[in-house]
Amino acid sequence: MSKKPIVAICYDFDKTLSPDDMQAFTFIPSIGMDKQAFWDESNALAKDNRMDKNLAWMHLMLKKSDANNLPVTREAFKALGKDVKLFKGVPTWFKHVNELGDRLGLEVRHYIISSGLKEIIEGSSIAGNFNRIYASSFFYSVNGVAIWPAQTVNYTNKTQYIFRIAKGFLEEHDERVNDSMPDDELEIPYENFIYIGDSDTDVPCMRVVTSKGGYSIGVYNPETDKRARVYKLFEDGRLNFFAPADYSTAGDLFETVKEILECISTKENLKAKKRELKALSTPYKLYKDVEKILGNKAGGKRIPKREQELLASLKDQVEGNTD
Ligand SMILES: [Mg+2]
């Protein structure tokens with residue numbers, strides 16, 4: 001059997017898989033700050049200096065760590081990941097979705113596209129479920145100390161990762177991501193993408209995915225039940241669906257993804273059927289095209305024997321009665 005069709009599920013992280021910003025669980029308390037005060041200071045730094053918001057919090061993380069004698073190593077940031085809280089059902093979600101995909105003849109791959117810190121996500125209990133984690137990250141000195149941002153991921157630059165995943169050019173430095181690629185050569189067709197996010201930073205990705213035939217799902221915290229954002233995104237046409245961020249198999253989100261996967265599976269089965277039919281009709285087209293060319297060449301006279309033999313061999317390759 002040929003390779004299974006692949007489905008890519010891309011997730012935002014903060015407030016999509018986790019109920020808060022990842023810095024809120026351990027890092028911000030460890031520097032003795034209130035969550036709101038940290039983000040107010042970070043956003044003011046960005047505004048006052050015309051700075052990217054991600055670069056601002058990354059700078060502030062290093063500055064505050066230094067002031068509090070906290071290590072700024074990859075390991076220290078990864079260690080923050082184990083305390084990141086996740087929405088209900090997230091730890092077992094991937095297994096259930098993969099099993100469902102398997103039953104439907106699909107290979108499901110999971111990807112993170114987050115503005116948060118990659119190292120923290122890598123330290124979280126669910127990191128092993130992702131084919132790739134795209135997020136902001138630090139560059140470390142030879143002594144293992146964070147000295148500079150290596151990547152920042154936000155708004156429209158989140159979309160490049162959709163193209164990377166679709167085209168199979170996964171490395172951040174691979175500039176072939178900008179090359180055009182015919183749809184039938186894509187590693188994962190855009191119609192097989194599902195993007196799950198919660199906020200405005202996800203809008204460009206939602207837009208890219210839905211405009212290319214994929215699916216976007218907005219989630220909201222089931223405990224606070226704050227739905228204004230998903231209602232707005234849905235009304236603005238950014239979302240195909242929305243659901244509470246409950247990732248258990250009893251949740252609406254699982255049901256929605258199940259229906260999307262069933263739909264993708266049906267479409268893939270029809271595509272495969274079409275390819276089989278094409279393989280049947282193509283030899284007939286070739287035979288008729290060559291017959292026409294040789295007929296024209298003969299100009300109303302009898303087609304020479306060798307050419308008649310060629311035609312007969314082409315006709316032999318056509319299945320069924322075509323007389
Ligand atoms: Mg988010």
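This briefing covers the domains, the sheet, the core and some backbone details of one protein chain. The model is predicted. The chain is divided into domain 1, residues 6-271, and domain 2, residues 279-316. An open sheet of seven strands is present, with mixed pairing, and the largest nonpolar core has 70 residues.

**Domains**

- The centres of domain 1 and domain 2, taken over C-alpha atoms, are separated by 57 Å.
- Helix 10 covers residues 252-298, while the bounds of the two domains are 6-271 and 279-316.

**Sheet order and edges**

- The strands of the open sheet follow the order 4-3-2-1-5-6-7.
- Strand 4 (146-151) and strand 7 (241-244) each have a single partner strand, so each has one side without a neighbour in the sheet.
- From one strand to the next, the twist averages 25°.

**Helices on the sheet**

- Helix 5, residues 90-103, packs on the sheet and touches strand 1 and strand 2.
- The direction of helix 5 makes about 145° with that of strand 2.
- Helix 10 also packs on the sheet, where it touches strand 1, strand 5 (193-197), strand 6 (215-220) and strand 7.
- Between the directions of helix 10 and strand 7 the angle is about 145°.

**Strand pairing**

- Strands of a sheet pair through backbone hydrogen bonds, in either the parallel or the antiparallel sense.
- Strand 1 (residues 6-11) is parallel to strand 2 (residues 107-117), and six bridges link them.
- Across this pair, Ala8 stands opposite Arg109, and Cys10 stands opposite Tyr111.
- Strand 2 also runs parallel to strand 3 (residues 132-140), to which five bridges join it.
- Tyr111 has Arg132 of strand 3 as a bridge partner, and Ile112 has Ile133 of strand 3.
- Tyr111 therefore has bridge partners on two sides of strand 2, if a pair is taken as strands with at least two bridges between them.
- Strand 3 and strand 4 are antiparallel, with four bridges between them.
- One of the opposed pairs here is Phe138 and Pro149, the latter in strand 4.
- The hairpin of strand 3 and strand 4 has five residues between the strands, and Gly144 in this hairpin takes a positive phi near 80°.

**Burial and the nonpolar core**

- In soluble globular proteins, nonpolar side chains tend to be buried together.
- Among the residues with the most contacts inside the core of 70 residues are Val7, Ala8, Cys10 and Ile112; Ile162, Ile194 and Ile217 belong to that list too.
- Strand 1 gives the most to this core, with six residues.
- Strand 2 is mostly covered, with ten of its eleven residues buried.
- Ile9 lies in strand 1 and has 24 other C-beta atoms within 10 Å; the cut-off for a buried residue is 20 or more, so Ile9 is buried.
- Leaving out residues up to four places away in sequence, Ile9 touches Val108, His110, Ile194 and Ile196.
- Ile194, with neighbours within four places in sequence left aside, is in contact with residues that include Val7 and Ile9.
- Further contacts of Ile194 include Gly214, Tyr215 and Ile217, as well as Val257 and Ile260.
- Ile9 and Ala46 are 37 residues apart along the chain, and their C-alpha atoms are separated by 31 Å.

**Helix 2 and positive phi values**

- Helix 2 has 14 residues (residues 35-48) and should span 20 Å at 1.5 Å a residue; its end C-alpha atoms are 20 Å apart, which agrees.
- Arg50 comes just after helix 2, in the loop between helix 2 and helix 3 (53-67).
- The phi of Arg50 is positive, about 50°, although Arg50 is not a glycine.
- Arg50 counts as exposed because it has 6 C-beta neighbours inside 10 Å.
- Lys15 is a residue other than glycine with a positive phi, near 65°.
- The loop that holds Lys15 runs between strand 1 and helix 1 (27-30).
- Lys15 counts as buried because it has 22 C-beta neighbours inside 10 Å.

Note on methods: Residues are numbered from 1 along each chain as its sequence is written. Domain bounds come from an automatic or database domain assignment. A residue is buried if 20 or more other C-beta atoms lie within 10 Å of its own, exposed if 12 or fewer, and partly exposed in between; C-beta atoms are placed from the backbone. The expected span of a helix is 1.5 Å times one less than its number of residues. A nonpolar core is a set of buried Ala, Val, Leu, Ile, Met, Phe, Trp, Tyr and Cys residues joined through C-beta atoms within 7 Å. Two residues are in contact if their C-beta atoms, placed from the backbone, lie within 7 Å. Axes are lines fitted to C-alpha atoms, for helices over the stretch in contact, and angles run from 0 to 180 degrees between N-to-C directions.
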